[in-house]
Amino acid sequence: MAAVATEAPFHVLAVDDSLPDRKLIERLLKTSSFHVTTVDSGSKALQFLGLLHDEDSPVSVHADQLDVAVNLIITDYCMPGMTGYDLLKKIKESSSLRDIPVVIMSSENIPSRINR
């Protein structure tokens, strides 16, 4: 019997401090059969990606040990603690993660932020 090669689903990491917004993003992406992981802060995203280690967490995940590779990160700009732009900078500083596309969303129409 020949083994059937199955392609891993496209994996999106959605980062937003708003639960309704996370649920909406998750629902929209799952209709396209994407695998979606949601977290509520930039620090939790970094922890998931293996760039930040939480002392309270019994398991530390490293980017090269993720069971499912992240293909795209969608993040809100305005979040407490760490903005989406700060998250973007941390990801782009990582040699193992810098090639992952990052989309930053904002409901605020601030031209200087959009240009940045």
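1. Helix α1 (residues 19-30) lies across β1, β2, β3 (72-76) and β4, and runs at about 175° to β2. The model is predicted, and the points below describe it as such.

2. The sheet that α1 lies across is open and has four strands, in the order β2-β1-β3-β4, with parallel pairing. Its edge strands are β2 (35-39) and β4 (102-105), each of which pairs on one side only. On average, neighbouring strands are turned by 20° against each other, direction ignored.

3. For the pairing of β1 with β2, strand β1 covers residues 11-15 and is joined to β2 by five bridges, the two running parallel. Within this pair, V12 stands opposite V36 in β2.

4. A second helix on the sheet is α3, which lies across β1, β3 and β4 and runs at about 170° to β4. The strands listed for α1 include β2 as well.

5. Helix α3 (residues 84-92) also packs with helix α2 (residues 42-49), at an angle of about 20° and with the axes 10 Å apart. Angles under 35 degrees count as roughly parallel, so α2 is roughly parallel to α3. The crossing of α2 past α3 is right-handed.

6. On the α2 side, the contact is made by G42, A45, L46 and L49; on the α3 side, by L87, K90 and I91. By class, the residues of this contact are five nonpolar, one polar and one charged.

Note on methods. Residues numbered from 1 in each chain as written. Predicted model: local features only at pLDDT ≥ 70, side-chain atom pairs only at ≥ 80, totals over all residues. Heavy atoms only, no water. Axes fitted to C-alpha atoms, helices over the stretch in contact; angles between N-to-C directions. Parallel < 35°, antiparallel > 145°, perpendicular 65-115°, else oblique. Left-handed = near helix turned anticlockwise from the far one by under 90°. Contact = heavy atoms within 4.5 Å. Nonpolar A, V, L, I, M, F, W, Y, C, P; charged D, E, K, R; others polar. Pairing = 2+ DSSP bridges.
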